[in-house]
Amino acid sequence: MLDEQAKKTLLRKIPHGLYVCGVKSGDEANGFTASWVMQGSFEPPLVVNCVRTDSISHRLLQESGQFALSFLAADQKDVAAQFFKPQRRVGDKFENFDVLDAPETGCPVLKDCLGYVECRVVGSVAHGDHTVFVGEVIGAQVFNEGEPLLLESTGWNYGG
């Protein structure tokens with residue numbers, strides 16, 4: 001029998017970075033705070049990104065087959081908080097940020113972050129309330145040196 005409290009406690013101990021995932025399909029763009037992200041392969045360079053199936057970003061990512069991850073710095077908790085809010089409620093989440101369209105995918109990335117990677121989706125697994133997207137890294141740029149923002153350091157929980 002599964003001990004629900006033990007499961008929740010232990011799954012929340014898995015360390016996660018926080019990123020802003022930019023997606024774009026046609027003229028429609030969005031971004032969200034992503035935490036279920038990891039490197040999946042050296043060659044080819046792959047990144048795994050898990051996205052809620054009921055989100056606008058999920059639809060845009062499925063339509064376009066690409067995404068970009070802006071790596072947040074340790075002092076950017078406020079930025080992560082802005083991108084947790086649903087687009088349905090807040091509108092254009094990028095409007096108060098300095099943004100560029102990533103050159104390979106056109107996905108929005110934050111200029112004020114550690115840097116970004118751009119990915120083309122090469123596989124996915126749809127199961128449960130998130131889809132696991134596997135993206136091949138096709139572009140990257142470093143903007144700043146520094147430590148990444150970790151979910152654990154924010155006092156927030158996402159998981160379990």
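Five aromatic pairs, counted as 5 under the ring criterion, occur in this predicted model; rings of Phe, Tyr and Trp (its six-membered ring) pair if their centres lie within 6.5 Å, with planes under 30 degrees apart classed as stacked, over 60 as edge-to-face and the rest as tilted. The model being predicted, local features need pLDDT of at least 70 and side-chain atom pairs pLDDT 80 or more, whereas totals for chains, interfaces and linings use all residues. Residues are numbered from 1 along each chain, and side-chain values use heavy atoms, without hydrogens or water.

Y19 and F71 form an edge-to-face pair, at 4.9 Å centre to centre and 90 degrees between the planes. This pair links strand β1 to strand β5 across 52 residues (strands are DSSP runs of E, at least two residues, and helices runs of H or I, at least four, numbered from the N terminus). Y19 is buried at 13% relative accessibility, while F71 is partly exposed at 28% (buried, under 20% relative accessible area; exposed, over 50%; partly exposed, in between; 1.4 Å probe, protein chains only). Y116 and F143 form a tilted pair, with centres 5.7 Å apart and planes at 50 degrees. F83, F94 and F97 form one aromatic cluster.

The largest nonpolar core (buried Ala, Val, Leu, Ile, Met, Phe, Trp, Tyr and Cys residues joined through side-chain atoms within 4.5 Å) has 16 residues, and those with the most contacts inside it include V23 and F67. Elements giving two or more residues to this core include β1 (19-25) and α2 (56-64). Apart from this core lies another, of 11 residues, among them V20 and L151.
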